[in-house]
Amino acid sequence: MAHYETRAEIEGLVTPFQVHRDIYIDQDVYRQEMKHLFANAWVYVGHDSQTPNKGDYYTTQIGDQPVIMVRHTDNEIKVLYNRCPHKGTKIAIDRQGNTGKFFRCPYHAWSFKTDGCLLAIPLKKGYEGTGLSDTENGKGMKAVGAVHNYRGFVFARLASEGIAFEEYFNDSLSSLDNMVDRSPAGRLEVVGAPLRYMHQCNWKMLVENQTDTCHPMVAHESSAGTAVQIWKDMGFTDDDPKPAAMEIIAPFMSAYEFFEDMGIRTWPNGHGHTGVHHSIHSKYSEIPGYMEALTAAHGKEKAEAILAENRHNTVYFPNIMIKGPIQQLRNFIPLAADRTLAESWIFRLVDAPEELTARTALYNRMINAPTSIVGHDDLEMYERAQEGLHADGLEWVNIQRLYQEGEDFETEAVENGTTERQMRNQFHAWVKFMTVSMTQKEAAE
Amino acid sequence: MSDVTRDDLIDFLYEEVRMLDDGRFDEWMELWTQDGHYWMPLNYNQQDPINETSLLYEDQFMLRLRIQRLIGARTFSQKPKSRCHHVIQRPHVDEIDNEAGRYRTVTRMHYVETRLDDQFLLALTATHDLVRQDGALKIALKKVELLNCDAAFGNIQLLP
Ligand code: FES
Ligand SMILES: [Fe+2]
(Lines give C-alpha, C1' and ligand atoms only; values in the text may rest on other atoms or scores of the structure.)
(Ligands and ions follow the chains in the order given, each with its own letter.)
Protein backbone atom coordinates (compact mmCIF):
# COMPACT_ATOMS: atom_id res chain seq x y z
CA MET A 1 0.00 0.00 0.00
CA ALA A 2 1.26 3.46 -0.87
CA HIS A 3 2.11 5.78 2.01
CA TYR A 4 1.88 9.54 2.28
CA GLU A 5 -1.49 9.89 0.61
CA THR A 6 -2.99 12.26 3.14
CA ARG A 7 -2.37 15.78 4.29
CA ALA A 8 -1.68 14.61 7.83
CA GLU A 9 0.95 12.13 6.66
CA ILE A 10 2.75 14.79 4.59
CA GLU A 11 2.61 17.34 7.41
CA GLY A 12 4.04 14.74 9.75
CA LEU A 13 7.29 14.66 7.76
CA VAL A 14 8.24 18.24 8.64
CA THR A 15 8.74 19.73 12.10
CA PRO A 16 9.96 23.30 12.70
CA PHE A 17 13.61 22.16 12.75
CA GLN A 18 13.74 18.54 11.61
CA VAL A 19 12.54 16.70 8.54
CA HIS A 20 11.95 12.99 8.24
CA ARG A 21 14.39 11.02 6.09
CA ASP A 22 11.54 9.67 3.94
CA ILE A 23 11.46 13.10 2.33
CA TYR A 24 14.68 12.10 0.58
CA ILE A 25 14.49 8.34 0.20
CA ASP A 26 10.87 7.28 -0.10
CA GLN A 27 9.41 6.54 -3.56
CA ASP A 28 5.87 7.37 -2.45
CA VAL A 29 6.94 10.80 -1.25
CA TYR A 30 8.69 11.32 -4.58
CA ARG A 31 5.54 10.33 -6.47
CA GLN A 32 3.49 12.77 -4.41
CA GLU A 33 6.01 15.52 -5.13
CA MET A 34 5.56 14.95 -8.84
CA LYS A 35 1.78 14.86 -8.53
CA HIS A 36 1.31 17.79 -6.17
CA LEU A 37 4.38 19.94 -5.56
CA PHE A 38 5.60 20.13 -9.15
CA ALA A 39 2.05 20.70 -10.39
CA ASN A 40 1.16 23.50 -7.98
CA ALA A 41 4.45 25.42 -7.93
CA TRP A 42 5.79 27.71 -10.65
CA VAL A 43 8.63 25.71 -12.19
CA TYR A 44 11.35 27.03 -14.48
CA VAL A 45 11.07 25.78 -18.05
CA GLY A 46 13.69 27.61 -20.11
CA HIS A 47 14.93 30.95 -21.39
CA ASP A 48 13.20 32.58 -24.32
CA SER A 49 16.55 33.17 -26.09
CA GLN A 50 16.59 29.40 -26.65
CA THR A 51 13.61 29.84 -28.97
CA PRO A 52 14.17 33.21 -30.67
CA ASN A 53 12.16 32.54 -33.87
CA LYS A 54 8.61 31.43 -34.52
CA GLY A 55 8.42 27.66 -34.53
CA ASP A 56 11.62 27.28 -32.44
CA TYR A 57 11.15 24.74 -29.71
CA TYR A 58 13.03 23.33 -26.75
CA THR A 59 12.14 20.07 -24.97
CA THR A 60 12.57 19.61 -21.23
CA GLN A 61 10.58 18.46 -18.25
CA ILE A 62 8.62 19.93 -15.36
CA GLY A 63 9.02 17.46 -12.54
CA ASP A 64 8.57 14.16 -14.37
CA GLN A 65 6.37 15.65 -17.09
CA PRO A 66 7.87 15.93 -20.60
CA VAL A 67 7.09 19.35 -22.09
CA ILE A 68 7.85 21.42 -25.17
CA MET A 69 8.53 25.13 -24.94
CA VAL A 70 7.76 26.68 -28.31
CA ARG A 71 7.47 30.16 -29.85
CA HIS A 72 4.00 30.45 -31.38
CA THR A 73 3.06 32.40 -34.50
CA ASP A 74 1.97 35.31 -32.28
CA ASN A 75 5.53 35.41 -30.86
CA GLU A 76 4.38 34.24 -27.41
CA ILE A 77 6.04 31.31 -25.68
CA LYS A 78 3.75 28.29 -25.24
CA VAL A 79 4.42 25.25 -23.07
CA LEU A 80 2.77 22.00 -24.19
CA TYR A 81 2.90 18.46 -22.89
CA ASN A 82 5.19 16.51 -25.20
CA ARG A 83 2.63 13.83 -25.99
CA CYS A 84 0.49 13.12 -29.01
CA PRO A 85 -3.22 13.11 -28.14
CA HIS A 86 -3.66 10.13 -30.45
CA LYS A 87 -1.57 7.33 -28.95
CA GLY A 88 0.92 9.11 -26.75
CA THR A 89 4.00 9.33 -28.97
CA LYS A 90 6.39 12.11 -27.98
CA ILE A 91 6.00 14.81 -30.60
CA ALA A 92 9.52 16.27 -30.36
CA ILE A 93 12.58 14.21 -29.51
CA ASP A 94 15.42 16.66 -30.32
CA ARG A 95 16.47 18.83 -27.40
CA GLN A 96 15.79 21.81 -29.68
CA GLY A 97 14.79 22.63 -33.23
CA ASN A 98 12.37 24.51 -35.44
CA THR A 99 9.07 22.94 -36.34
CA GLY A 100 7.81 25.63 -38.75
CA LYS A 101 4.15 26.55 -38.41
CA PHE A 102 3.00 23.27 -36.91
CA PHE A 103 4.00 20.07 -35.14
CA ARG A 104 3.45 16.83 -37.02
CA CYS A 105 3.37 13.56 -35.11
CA PRO A 106 5.81 11.06 -36.65
CA TYR A 107 3.47 8.10 -36.06
CA HIS A 108 0.18 8.83 -37.94
CA ALA A 109 0.78 12.45 -38.96
CA TRP A 110 -1.81 14.21 -36.84
CA SER A 111 -0.70 17.82 -36.91
CA PHE A 112 -1.04 20.66 -34.44
CA LYS A 113 -0.55 24.41 -34.43
CA THR A 114 2.25 25.59 -32.17
CA ASP A 115 -0.28 26.46 -29.48
CA GLY A 116 -1.33 22.79 -29.51
CA CYS A 117 -4.66 23.11 -31.36
CA LEU A 118 -5.44 20.24 -33.69
CA LEU A 119 -4.73 21.25 -37.28
CA ALA A 120 -5.33 18.17 -39.40
CA ILE A 121 -5.67 14.39 -39.37
CA PRO A 122 -5.00 12.31 -42.52
CA LEU A 123 -8.09 10.52 -43.82
CA LYS A 124 -10.18 12.53 -41.42
CA LYS A 125 -13.47 11.12 -42.68
CA GLY A 126 -12.63 8.00 -40.69
CA TYR A 127 -13.56 9.98 -37.59
CA GLU A 128 -16.80 11.43 -38.93
CA GLY A 129 -19.64 10.75 -36.56
CA THR A 130 -17.35 9.04 -34.04
CA GLY A 131 -17.46 11.90 -31.57
CA LEU A 132 -13.68 12.49 -31.62
CA SER A 133 -14.18 16.25 -31.66
CA ASP A 134 -16.10 16.03 -28.39
CA THR A 135 -13.17 14.42 -26.58
CA GLU A 136 -10.27 16.27 -24.97
CA ASN A 137 -7.85 14.37 -27.20
CA GLY A 138 -9.70 15.60 -30.27
CA LYS A 139 -8.78 19.20 -29.43
CA GLY A 140 -5.04 18.71 -29.85
CA MET A 141 -1.90 18.74 -27.74
CA LYS A 142 -2.55 19.72 -24.16
CA ALA A 143 -1.07 22.94 -22.84
CA VAL A 144 0.15 23.27 -19.25
CA GLY A 145 -1.97 25.19 -16.75
CA ALA A 146 -0.25 28.57 -16.95
CA VAL A 147 2.88 30.13 -18.43
CA HIS A 148 4.69 33.33 -17.49
CA ASN A 149 7.66 34.85 -19.31
CA TYR A 150 9.48 37.08 -16.85
CA ARG A 151 12.14 39.15 -18.63
CA GLY A 152 13.08 36.13 -20.73
CA PHE A 153 12.78 33.49 -18.00
CA VAL A 154 9.87 31.18 -18.74
CA PHE A 155 8.07 29.56 -15.81
CA ALA A 156 5.04 27.29 -15.90
CA ARG A 157 2.46 25.94 -13.51
CA LEU A 158 1.06 22.55 -14.56
CA ALA A 159 -2.14 22.94 -12.55
CA SER A 160 -4.80 25.00 -14.30
CA GLU A 161 -5.88 26.59 -11.03
CA GLY A 162 -3.55 27.87 -8.38
CA ILE A 163 -1.36 30.64 -7.09
CA ALA A 164 -0.63 33.53 -9.49
CA PHE A 165 2.93 34.10 -10.72
CA GLU A 166 3.29 37.50 -9.00
CA GLU A 167 2.05 36.20 -5.69
CA TYR A 168 4.26 33.13 -5.89
CA PHE A 169 7.53 35.01 -6.49
CA ASN A 170 6.77 38.54 -5.34
CA ASP A 171 9.85 40.39 -4.02
CA SER A 172 12.17 37.48 -4.76
CA LEU A 173 12.12 38.63 -8.39
CA SER A 174 14.66 41.29 -7.35
CA SER A 175 17.39 38.67 -7.85
CA LEU A 176 16.30 37.93 -11.42
CA ASP A 177 15.95 41.67 -12.01
CA ASN A 178 19.50 42.26 -10.84
CA MET A 179 20.86 39.57 -13.15
CA VAL A 180 18.99 40.97 -16.17
CA ASP A 181 19.80 44.60 -15.28
CA ARG A 182 23.48 43.74 -15.48
CA SER A 183 23.04 43.75 -19.25
CA PRO A 184 23.21 47.29 -20.66
CA ALA A 185 20.42 46.20 -23.02
CA GLY A 186 18.40 44.63 -20.19
CA ARG A 187 18.55 41.29 -21.97
CA LEU A 188 20.28 37.95 -21.47
CA GLU A 189 21.01 35.21 -23.98
CA VAL A 190 21.76 31.58 -23.26
CA VAL A 191 25.33 30.67 -24.25
CA GLY A 192 26.06 27.17 -25.50
CA ALA A 193 24.87 23.89 -24.07
CA PRO A 194 24.33 23.33 -20.35
CA LEU A 195 26.56 21.14 -18.26
CA ARG A 196 24.64 17.97 -17.45
CA TYR A 197 25.74 16.35 -14.19
CA MET A 198 24.04 13.22 -12.88
CA HIS A 199 23.62 12.82 -9.11
CA GLN A 200 22.54 9.62 -7.37
CA CYS A 201 20.74 11.56 -4.67
CA ASN A 202 17.49 13.37 -3.96
CA TRP A 203 16.94 16.69 -5.73
CA LYS A 204 16.32 18.57 -2.48
CA MET A 205 19.86 17.90 -1.26
CA LEU A 206 21.17 19.98 -4.16
CA VAL A 207 18.67 22.77 -3.53
CA GLU A 208 19.46 22.90 0.20
CA ASN A 209 23.17 22.97 -0.50
CA GLN A 210 22.80 26.25 -2.42
CA THR A 211 22.35 28.16 0.82
CA ASP A 212 24.50 25.88 2.98
CA THR A 213 27.24 28.30 3.98
CA CYS A 214 28.92 26.03 6.52
CA HIS A 215 30.18 23.51 3.97
CA PRO A 216 32.53 25.35 1.54
CA MET A 217 35.52 25.63 3.86
CA VAL A 218 35.09 21.98 4.87
CA ALA A 219 33.97 19.98 1.83
CA HIS A 220 35.95 22.19 -0.57
CA GLU A 221 39.14 22.42 1.44
CA SER A 222 40.60 19.83 -0.94
CA SER A 223 40.22 22.16 -3.93
CA ALA A 224 40.01 25.73 -2.63
CA GLY A 225 42.42 25.11 0.26
CA THR A 226 44.93 23.47 -2.06
CA ALA A 227 44.60 26.39 -4.50
CA VAL A 228 45.35 28.90 -1.75
CA GLN A 229 48.34 26.79 -0.66
CA ILE A 230 49.79 26.54 -4.19
CA TRP A 231 49.35 30.29 -4.57
CA LYS A 232 51.33 30.84 -1.37
CA ASP A 233 54.01 28.35 -2.44
CA MET A 234 54.40 30.34 -5.64
CA GLY A 235 55.40 33.30 -3.43
CA PHE A 236 52.19 35.32 -3.80
CA THR A 237 50.12 36.83 -1.01
CA ASP A 238 46.40 37.34 -0.74
CA ASP A 239 46.81 40.94 -1.89
CA ASP A 240 48.56 40.14 -5.17
CA PRO A 241 46.39 40.38 -8.27
CA LYS A 242 45.05 36.94 -8.99
CA PRO A 243 44.22 35.19 -12.24
CA ALA A 244 40.46 34.76 -12.77
CA ALA A 245 40.54 31.12 -11.66
CA MET A 246 42.06 32.09 -8.29
CA GLU A 247 39.57 34.95 -7.87
CA ILE A 248 36.83 32.39 -8.26
CA ILE A 249 38.09 29.56 -6.09
CA ALA A 250 39.95 31.26 -3.22
CA PRO A 251 36.85 32.80 -1.55
CA PHE A 252 35.44 29.29 -0.99
CA MET A 253 38.02 29.07 1.83
CA SER A 254 36.78 32.23 3.57
CA ALA A 255 36.39 31.97 7.33
CA TYR A 256 33.05 31.29 9.04
CA GLU A 257 32.85 34.98 9.95
CA PHE A 258 32.78 35.94 6.29
CA PHE A 259 29.79 33.69 5.70
CA GLU A 260 28.06 34.78 8.92
CA ASP A 261 28.38 38.42 7.93
CA MET A 262 27.21 37.95 4.36
CA GLY A 263 23.63 37.39 5.51
CA ILE A 264 20.75 35.27 4.25
CA ARG A 265 17.40 36.63 3.11
CA THR A 266 14.26 34.53 2.91
CA TRP A 267 11.04 35.31 1.07
CA PRO A 268 7.63 33.62 1.30
CA ASN A 269 6.95 30.47 -0.76
CA GLY A 270 10.38 28.96 -0.22
CA HIS A 271 12.60 31.47 -2.02
CA GLY A 272 15.75 32.92 -0.51
CA HIS A 273 19.35 33.91 -1.09
CA THR A 274 22.77 34.06 0.48
CA GLY A 275 25.02 37.09 0.18
CA VAL A 276 22.86 40.02 1.34
CA HIS A 277 25.78 42.31 2.20
CA HIS A 278 28.66 40.75 0.28
CA SER A 279 29.50 37.34 -1.17
CA ILE A 280 32.21 35.18 -2.67
CA HIS A 281 31.55 37.12 -5.90
CA SER A 282 32.21 40.58 -4.42
CA LYS A 283 35.90 40.90 -5.20
CA TYR A 284 36.05 39.99 -8.87
CA SER A 285 38.17 42.45 -10.82
CA GLU A 286 36.52 44.99 -13.05
CA ILE A 287 36.18 44.22 -16.74
CA PRO A 288 37.34 47.19 -18.85
CA GLY A 289 34.50 49.00 -20.61
CA TYR A 290 31.71 47.33 -18.64
CA MET A 291 30.97 50.11 -16.16
CA GLU A 292 30.97 52.62 -19.02
CA ALA A 293 28.48 50.54 -21.00
CA LEU A 294 26.23 50.10 -17.99
CA THR A 295 26.41 53.80 -17.09
CA ALA A 296 25.54 54.79 -20.64
CA ALA A 297 22.45 52.57 -20.44
CA HIS A 298 21.22 53.29 -16.91
CA GLY A 299 22.99 56.41 -15.61
CA LYS A 300 25.76 56.33 -13.02
CA GLU A 301 23.68 55.97 -9.91
CA LYS A 302 21.64 53.05 -11.11
CA ALA A 303 24.66 51.34 -12.68
CA GLU A 304 26.48 51.51 -9.36
CA ALA A 305 23.47 50.22 -7.47
CA ILE A 306 23.19 47.24 -9.83
CA LEU A 307 26.82 46.26 -9.36
CA ALA A 308 26.71 46.88 -5.59
CA GLU A 309 24.42 43.84 -5.27
CA ASN A 310 26.57 40.72 -5.15
CA ARG A 311 24.04 38.12 -4.18
CA HIS A 312 25.58 34.70 -3.97
CA ASN A 313 22.95 32.00 -4.62
CA THR A 314 19.26 32.73 -5.03
CA VAL A 315 17.01 29.70 -4.71
CA TYR A 316 13.69 29.87 -6.54
CA PHE A 317 11.60 27.18 -4.98
CA PRO A 318 11.28 24.39 -5.81
CA ASN A 319 14.29 23.59 -7.96
CA ILE A 320 16.45 26.28 -9.52
CA MET A 321 19.26 28.51 -8.34
CA ILE A 322 20.59 31.65 -10.03
CA LYS A 323 23.80 33.60 -9.54
CA GLY A 324 23.33 37.23 -10.63
CA PRO A 325 26.99 38.31 -10.60
CA ILE A 326 27.94 35.23 -12.64
CA GLN A 327 24.86 35.09 -14.89
CA GLN A 328 24.26 31.45 -14.20
CA LEU A 329 21.20 29.29 -13.65
CA ARG A 330 21.23 25.76 -12.25
CA ASN A 331 18.22 23.52 -12.74
CA PHE A 332 17.93 20.52 -10.41
CA ILE A 333 15.68 18.15 -12.30
CA PRO A 334 14.26 15.28 -10.22
CA LEU A 335 14.37 11.88 -11.95
CA ALA A 336 13.69 9.59 -8.98
CA ALA A 337 13.87 9.77 -5.19
CA ASP A 338 17.58 9.00 -5.50
CA ARG A 339 18.40 10.48 -8.90
CA THR A 340 18.77 14.11 -9.98
CA LEU A 341 20.06 15.76 -13.12
CA ALA A 342 21.81 19.08 -12.44
CA GLU A 343 21.89 21.31 -15.52
CA SER A 344 24.10 24.40 -15.34
CA TRP A 345 23.33 27.14 -17.85
CA ILE A 346 25.19 30.38 -18.51
CA PHE A 347 24.08 33.65 -20.09
CA ARG A 348 25.65 36.45 -22.06
CA LEU A 349 24.85 40.00 -20.96
CA VAL A 350 23.71 41.59 -24.22
CA ASP A 351 25.85 44.67 -25.06
CA ALA A 352 28.40 43.97 -22.29
CA PRO A 353 32.08 43.07 -22.95
CA GLU A 354 32.59 39.42 -23.92
CA GLU A 355 35.18 39.03 -21.10
CA LEU A 356 32.23 38.69 -18.73
CA THR A 357 31.02 35.69 -20.68
CA ALA A 358 34.52 34.22 -20.47
CA ARG A 359 34.51 34.53 -16.67
CA THR A 360 31.06 33.01 -16.51
CA ALA A 361 32.13 30.04 -18.65
CA LEU A 362 35.24 29.62 -16.49
CA TYR A 363 33.12 29.59 -13.34
CA ASN A 364 30.73 27.06 -14.81
CA ARG A 365 33.38 24.52 -15.80
CA MET A 366 35.48 25.05 -12.66
CA ILE A 367 32.64 24.64 -10.18
CA ASN A 368 29.72 22.81 -11.80
CA ALA A 369 31.06 20.31 -14.35
CA PRO A 370 31.16 16.53 -13.86
CA THR A 371 34.92 17.10 -14.22
CA SER A 372 34.99 19.86 -11.58
CA ILE A 373 37.27 19.46 -8.58
CA VAL A 374 34.68 21.38 -6.56
CA GLY A 375 31.68 19.45 -7.85
CA HIS A 376 33.37 16.14 -7.04
CA ASP A 377 33.29 16.78 -3.31
CA ASP A 378 29.72 18.11 -3.34
CA LEU A 379 28.47 15.03 -5.16
CA GLU A 380 30.41 12.82 -2.76
CA MET A 381 28.61 14.45 0.19
CA TYR A 382 25.14 14.10 -1.37
CA GLU A 383 25.63 10.48 -2.30
CA ARG A 384 27.02 9.63 1.13
CA ALA A 385 23.94 11.28 2.65
CA GLN A 386 21.61 9.38 0.34
CA GLU A 387 23.19 6.12 1.52
CA GLY A 388 23.56 7.17 5.15
CA LEU A 389 19.89 8.07 5.50
CA HIS A 390 19.03 4.38 5.23
CA ALA A 391 20.69 3.79 8.61
CA ASP A 392 17.89 3.01 11.04
CA GLY A 393 19.42 4.42 14.22
CA LEU A 394 18.06 7.92 13.55
CA GLU A 395 15.12 8.88 11.37
CA TRP A 396 15.31 12.67 11.35
CA VAL A 397 17.49 15.18 9.51
CA ASN A 398 18.50 18.26 11.45
CA ILE A 399 18.13 21.80 10.04
CA GLN A 400 18.23 23.67 13.34
CA ARG A 401 21.17 26.07 13.03
CA LEU A 402 20.08 29.50 14.36
CA TYR A 403 16.51 28.31 14.70
CA GLN A 404 14.16 30.57 16.62
CA GLU A 405 10.85 29.50 18.00
CA GLY A 406 7.80 30.71 16.09
CA GLU A 407 9.56 31.52 12.82
CA ASP A 408 7.23 33.26 10.37
CA PHE A 409 7.99 32.43 6.77
CA GLU A 410 5.20 34.55 5.33
CA THR A 411 7.29 37.69 5.73
CA GLU A 412 10.70 38.54 4.35
CA ALA A 413 13.60 38.23 6.79
CA VAL A 414 17.35 38.90 6.77
CA GLU A 415 19.48 36.91 9.18
CA ASN A 416 22.97 35.70 9.99
CA GLY A 417 24.49 34.14 6.86
CA THR A 418 25.00 30.75 8.45
CA THR A 419 21.39 30.19 9.44
CA GLU A 420 19.56 27.18 8.07
CA ARG A 421 16.41 29.25 7.97
CA GLN A 422 16.25 29.11 4.18
CA MET A 423 16.14 25.29 4.36
CA ARG A 424 13.32 25.53 6.89
CA ASN A 425 11.65 28.06 4.60
CA GLN A 426 11.84 25.58 1.73
CA PHE A 427 10.22 22.84 3.79
CA HIS A 428 7.49 25.19 4.94
CA ALA A 429 6.71 25.86 1.27
CA TRP A 430 7.12 22.16 0.50
CA VAL A 431 4.28 21.25 2.85
CA LYS A 432 2.15 24.09 1.48
CA PHE A 433 2.43 23.10 -2.18
CA MET A 434 2.32 19.37 -1.47
CA THR A 435 -1.02 19.63 0.31
CA VAL A 436 -2.82 22.56 -1.29
CA SER A 437 -4.43 20.42 -3.99
CA MET A 438 -5.05 17.31 -1.95
CA THR A 439 -8.66 16.22 -2.34
CA GLN A 440 -11.17 16.38 0.47
CA LYS A 441 -10.77 12.64 0.87
CA GLU A 442 -6.98 12.88 1.08
CA ALA A 443 -7.28 15.81 3.43
CA ALA A 444 -9.86 14.18 5.65
CA GLU A 445 -8.18 10.84 6.20
CA MET B 1 68.91 17.25 -31.63
CA SER B 2 68.11 14.92 -34.46
CA ASP B 3 64.74 15.13 -36.15
CA VAL B 4 61.65 13.89 -34.34
CA THR B 5 60.35 10.79 -36.08
CA ARG B 6 56.89 9.31 -36.35
CA ASP B 7 57.95 6.66 -33.84
CA ASP B 8 59.17 9.28 -31.37
CA LEU B 9 55.73 10.87 -31.43
CA ILE B 10 53.91 7.59 -31.00
CA ASP B 11 56.19 6.53 -28.14
CA PHE B 12 55.56 9.87 -26.46
CA LEU B 13 51.79 9.37 -26.57
CA TYR B 14 51.96 5.82 -25.27
CA GLU B 15 54.19 6.99 -22.44
CA GLU B 16 51.84 9.85 -21.59
CA VAL B 17 48.80 7.64 -21.04
CA ARG B 18 50.93 5.17 -19.15
CA MET B 19 51.89 7.90 -16.69
CA LEU B 20 48.21 8.73 -16.20
CA ASP B 21 47.31 5.07 -15.65
CA ASP B 22 50.17 4.68 -13.18
CA GLY B 23 49.24 7.88 -11.34
CA ARG B 24 52.69 9.37 -12.04
CA PHE B 25 51.22 12.87 -12.19
CA ASP B 26 54.37 14.82 -11.30
CA GLU B 27 56.15 13.29 -14.27
CA TRP B 28 53.08 13.94 -16.39
CA MET B 29 53.19 17.63 -15.47
CA GLU B 30 56.72 17.78 -16.88
CA LEU B 31 55.33 16.95 -20.32
CA TRP B 32 53.69 20.36 -20.77
CA THR B 33 54.82 23.73 -22.10
CA GLN B 34 54.44 26.56 -19.64
CA ASP B 35 51.30 27.85 -21.32
CA GLY B 36 50.00 24.44 -22.32
CA HIS B 37 46.24 23.80 -22.03
CA TYR B 38 44.13 20.70 -21.55
CA TRP B 39 40.77 21.14 -23.30
CA MET B 40 37.72 18.89 -23.10
CA PRO B 41 34.86 20.47 -25.06
CA LEU B 42 31.26 20.13 -23.93
CA ASN B 43 29.79 20.25 -27.43
CA TYR B 44 30.37 18.13 -30.50
CA ASN B 45 32.53 20.25 -32.86
CA GLN B 46 32.86 23.06 -30.32
CA GLN B 47 35.29 25.70 -31.60
CA ASP B 48 35.56 28.14 -28.69
CA PRO B 49 37.10 27.06 -25.37
CA ILE B 50 36.88 30.52 -23.78
CA ASN B 51 33.47 32.06 -24.28
CA GLU B 52 31.28 29.02 -23.85
CA THR B 53 31.24 26.22 -21.33
CA SER B 54 33.68 23.33 -21.70
CA LEU B 55 34.08 20.34 -19.45
CA LEU B 56 37.72 21.32 -18.97
CA TYR B 57 39.95 24.10 -20.21
CA GLU B 58 42.86 24.15 -17.80
CA ASP B 59 46.19 25.90 -17.74
CA GLN B 60 49.21 24.70 -15.80
CA PHE B 61 48.02 26.27 -12.54
CA MET B 62 44.69 24.46 -12.72
CA LEU B 63 46.25 21.15 -13.74
CA ARG B 64 48.75 21.42 -10.87
CA LEU B 65 45.84 22.11 -8.50
CA ARG B 66 43.89 19.17 -9.91
CA ILE B 67 46.68 16.62 -9.39
CA GLN B 68 47.71 18.10 -6.05
CA ARG B 69 44.13 17.75 -4.83
CA LEU B 70 44.06 14.07 -5.76
CA ILE B 71 46.60 13.28 -3.04
CA GLY B 72 45.22 15.64 -0.36
CA ALA B 73 44.40 14.31 3.12
CA ARG B 74 40.90 15.81 3.00
CA THR B 75 39.97 14.96 -0.57
CA PHE B 76 36.80 13.13 0.33
CA SER B 77 35.79 12.08 -3.17
CA GLN B 78 39.11 10.24 -3.44
CA LYS B 79 38.59 8.04 -0.40
CA PRO B 80 39.09 5.47 -1.75
CA LYS B 81 41.02 6.59 -4.81
CA SER B 82 39.91 6.25 -8.41
CA ARG B 83 41.96 4.28 -10.94
CA CYS B 84 42.03 4.64 -14.71
CA HIS B 85 43.02 2.70 -17.77
CA HIS B 86 43.62 3.86 -21.36
CA VAL B 87 43.43 1.63 -24.42
CA ILE B 88 44.72 3.57 -27.42
CA GLN B 89 44.80 3.00 -31.14
CA ARG B 90 48.00 3.60 -33.02
CA PRO B 91 48.08 7.41 -33.26
CA HIS B 92 47.65 9.23 -36.57
CA VAL B 93 50.54 11.59 -37.13
CA ASP B 94 48.93 14.48 -38.98
CA GLU B 95 51.81 16.92 -38.93
CA ILE B 96 55.56 16.65 -38.58
CA ASP B 97 57.37 19.96 -39.02
CA ASN B 98 60.90 19.55 -37.73
CA GLU B 99 61.90 22.93 -39.09
CA ALA B 100 59.39 24.69 -36.88
CA GLY B 101 59.48 22.03 -34.17
CA ARG B 102 55.70 21.50 -34.37
CA TYR B 103 53.75 18.26 -34.52
CA ARG B 104 50.13 17.16 -34.40
CA THR B 105 48.75 13.73 -33.62
CA VAL B 106 45.22 12.35 -33.39
CA THR B 107 44.63 9.34 -31.14
CA ARG B 108 41.42 7.41 -30.65
CA MET B 109 41.09 5.70 -27.32
CA HIS B 110 38.87 4.04 -24.77
CA TYR B 111 39.19 5.39 -21.27
CA VAL B 112 38.02 3.41 -18.27
CA GLU B 113 37.73 4.87 -14.77
CA THR B 114 36.75 3.04 -11.63
CA ARG B 115 36.11 3.70 -7.96
CA LEU B 116 34.36 1.46 -5.44
CA ASP B 117 31.78 -0.63 -7.33
CA ASP B 118 31.40 1.78 -10.23
CA GLN B 119 33.24 1.69 -13.51
CA PHE B 120 32.54 3.63 -16.69
CA LEU B 121 33.90 3.77 -20.22
CA LEU B 122 34.46 6.83 -22.38
CA ALA B 123 35.28 6.67 -26.07
CA LEU B 124 37.27 9.68 -27.16
CA THR B 125 39.60 11.30 -29.65
CA ALA B 126 42.66 13.11 -28.32
CA THR B 127 44.39 15.67 -30.49
CA HIS B 128 47.87 16.67 -29.33
CA ASP B 129 49.64 19.81 -30.49
CA LEU B 130 53.26 19.12 -29.60
CA VAL B 131 56.32 21.36 -29.79
CA ARG B 132 60.02 20.70 -29.44
CA GLN B 133 61.60 22.62 -26.57
CA ASP B 134 65.24 22.16 -25.54
CA GLY B 135 65.35 18.88 -27.37
CA ALA B 136 62.24 17.43 -25.74
CA LEU B 137 58.65 17.08 -26.90
CA LYS B 138 56.11 19.11 -24.91
CA ILE B 139 52.34 19.34 -25.05
CA ALA B 140 51.08 22.76 -26.07
CA LEU B 141 47.44 21.69 -26.37
CA LYS B 142 45.68 18.44 -25.64
CA LYS B 143 42.10 18.40 -26.87
CA VAL B 144 39.98 15.53 -25.65
CA GLU B 145 36.72 15.08 -27.54
CA LEU B 146 34.32 12.68 -25.90
CA LEU B 147 32.11 10.71 -28.26
CA ASN B 148 29.16 11.30 -25.90
CA CYS B 149 30.14 14.81 -24.77
CA ASP B 150 26.45 15.79 -24.62
CA ALA B 151 25.48 12.99 -22.23
CA ALA B 152 24.94 13.48 -18.51
CA PHE B 153 27.86 12.18 -16.45
CA GLY B 154 28.52 11.42 -12.82
CA ASN B 155 31.96 12.27 -11.48
CA ILE B 156 34.87 12.01 -13.91
CA GLN B 157 37.73 12.41 -11.47
CA LEU B 158 40.91 11.44 -13.30
CA LEU B 159 42.16 12.55 -16.71
CA PRO B 160 41.39 10.84 -20.04
S1 FES C 1 0.35 8.68 -32.18
FE2 FES C 1 0.51 10.62 -32.98
S3 FES C 1 -0.62 10.54 -34.75
FE4 FES C 1 -0.87 8.60 -33.92
FE1 LIG D 1 29.67 22.94 -2.45
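Colleague: A residue is buried if 20 or more other C-beta atoms lie within 10 Å of its own, with C-beta atoms placed from the backbone. What percentage of chain A is buried?

Modeller: Of the 445 residues in chain A, 48% are buried. Please note that this is a predicted model, in which local features need pLDDT of at least 70, side-chain atom pairs count only at pLDDT 80 or more, and totals for chains, interfaces and linings use all residues. Residues are numbered from 1 along each chain as its sequence is written, while chains are lettered from A and ligands numbered from 1 in the order in which they are written.

Colleague: What is the secondary structure of chain A?

Modeller: Chain A has 16 helices and 20 strands (DSSP runs numbered from the N terminus: H or I, at least four residues, for helices; E, at least two, for strands).

Colleague: And what box do its C-alpha atoms fill?

Modeller: Along the principal axes, the box for chain A is roughly 85 × 55 × 35 Å.

Colleague: Changing topic, how many residues of each chain take part in the contact?

Modeller: Chain A contributes 32 residues and chain B contributes 30 residues (C-beta atoms, placed from the backbone, within 7 Å).

Colleague: Which elements of chain A supply at least two of those residues each?

Modeller: They are strands S12 (188–199) and S18 (339–349), together with helices H8 (221–233), H13 (354–368) and H14 (375–388). The largest share, seven residues, comes from S12(A).

Colleague: What ipTM does the predictor give the complex?

Modeller: The complex receives an ipTM of 0.97, and its pTM is 0.97. For chain B, the average pLDDT (the predictor's confidence in each residue, from 0 to 100) is 97, and 99% of the residues score at least 70.

Technical notes. Contact = placed C-beta atoms within 7 Å. Buried ≥ 20, exposed ≤ 12 C-beta atoms within 10 Å, placed from the backbone.
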